Amino acid sequence: MRLILCCGGAVFVCVCGLARAAITENFESYSNGNFPSTKWFDARTLIPGATSPNPSGSVITTTGPTGTTKAFQTTRSVGTSQGIVTGIAPSSVVSISANVRYDNFDNSNNQNGGGWPMALGFFQWSGSDPNFSPQVTLYADSTFKNWSLYIQTSANPLDFQFIRLTSATTATNTWFFLSLRVDTATGVIQSQVRQANSSNFIVNDTRTIAGWDPAFAQYNIAGAIDGEYGTNATLGGRATIDNITVVPAPGALALGVCVAMRRRRVGRDRRVTS
């Protein structure tokens, strides 16, 4: 459930939902052209002064790895974060997997990992654009087009690590299976990428992240969002996602996040400048 209240110039957004042993989604129950509400919410609704389209994506019928399927596709535009997210309870181990297709890369060009059609992962959201939150995401950036990790290990958006996991170039219009598992206590991250119809991994990586602080790994949002806001992109990216599974650790309790968000402009230039 999402409740929005206004008081004294502030916007209060409450994201309240039950964290389960697993959250799964294949989008088959939703009508084409609609945002898949109930279990999911639009990333743009978390952002004061969002500039992305409303909604920032919708359900479509498309060709999946095994035939015709319904999936969620973002709208191609340049703006604040677009995508699909769900509330989870902070937990000692979290994982997310999905089939992802990059339909278009944006036309940004920078060296620090900014600009991508869709990043899959976790965010410790506290009232602004999730892209400026403590996070771990798996994605291919629009400059190098390599599968990479983007990790923000504190509340400061400049405290980030951009880790390339492969030198292979990511193709568009190809379905990939992505899997990300994070031990939030120790900073051990497991990343896997393969073509959805193949058993051969492009990425099969396990590493411990330097400078890890569990206080900034209390992830309360999971999902998939794009990122070209604040880059030099003039043409946005687009991606499609299907068959999502999110697993908070067993024993996770209910999530209740209620944050007062100050109305302010946010810019991704802070994220992509070292």
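**Exercise 1. Contacts of Ile241**

Task: In this predicted model, find which residues Ile241 touches, leaving out those up to four places away in sequence.

Solution.
- Step 1. Start with the aromatic partners of Ile241: they include Phe27, Phe72 and Trp175.
- Step 2. Add the others that Ile241 touches: Ala71, Ile84, Ala98, Asn99, Val100, Met118, Leu120 and Ala224.
- Step 3. Place Ile241 in its setting. The largest nonpolar core has 48 residues, and Phe122 and Ile241 touch the most other members.
- Step 4. Look beyond that core. A second, separate core has nine residues, among them Ala43, Val85, Phe123 and Ile221.

**Exercise 2. A ring pair**

Task: Classify the pair formed by the rings of Phe35 and Phe72.

Solution.
- Step 1. Know what to look for: the distance of the centres and the angle of the planes describe a pair of aromatic rings.
- Step 2. Take the total. There are 12 aromatic pairs in the structure.
- Step 3. Apply the angle. The planes of Phe35 and Phe72 stand at 80°, with ring centres 5.6 Å apart, so this pair is edge-to-face.
- Step 4. Locate the partners. Phe35 is in the loop between strand 3 (23-25) and strand 4, while Phe72 is in strand 6 (residues 67-74). They are 37 residues apart, so the pair links distant parts of the chain.
- Step 5. Check burial. The cut-off is under 20% relative accessible area. Phe35 has 16% relative accessibility, so Phe35 is buried. Phe72 has 0%, so Phe72 is buried too.

**Exercise 3. A charge in the interior**

Task: Asp42 is buried; which side chain of opposite charge is nearest, and how far away is it?

Solution.
- Step 1. Find Asp42 in strand 4 (residues 41-42).
- Step 2. Identify the nearest opposite charge: Arg44, at 5.0 Å.
- Step 3. Compare with the cut-off. A salt bridge needs a nitrogen–oxygen distance within 4 Å. Asp42 has no salt bridge.
- Step 4. List the contacts. Not counting residues up to four places away in sequence, Asp42 touches Phe35, Pro55, Ser56 and Gly83.

**Exercise 4. Charges over rings**

Task: Over the face of which residue does Arg164 lie?

Solution.
- Step 1. Find Arg164 in strand 12 (residues 160-164).
- Step 2. Judge its exposure. Arg164 has a relative accessible area of 41%, so Arg164 is partly exposed.
- Step 3. Scan its contacts. Beyond neighbours within four places in sequence, Arg164 contacts Phe144, Asn146, Trp147 and Ser148.
- Step 4. Name the ring. Arg164 lies over the face of Phe144, 3.6 Å from the ring centre.
- Step 5. Note another case. Lys145 lies over the face of Phe105, 4.9 Å from the ring centre.

How values were computed. Residues are numbered from 1 along each chain as its sequence is written. This is a predicted model: local features need pLDDT of at least 70, side-chain atom pairs count only at pLDDT 80 or more; totals for chains, interfaces and linings use all residues. Side-chain values use heavy atoms; hydrogens and water are left out. Helices (H or I, at least four residues) and strands (E, at least two) are DSSP runs, numbered from the N terminus. Buried means under 20% relative accessible area, exposed over 50%, partly exposed in between (1.4 Å probe, protein chains only). Contact means heavy atoms within 4.5 Å. Lys and Arg count as positive and Asp and Glu as negative; His and the chain ends are not counted. Rings of Phe, Tyr and Trp (its six-membered ring) pair if their centres lie within 6.5 Å; planes under 30 degrees apart count as stacked, over 60 as edge-to-face and the rest as tilted. A charge sits over a ring if NZ of Lys or CZ of Arg is within 6 Å of the ring centre and within 35 degrees of the ring normal. A nonpolar core is a set of buried Ala, Val, Leu, Ile, Met, Phe, Trp, Tyr and Cys residues joined through side-chain atoms within 4.5 Å.
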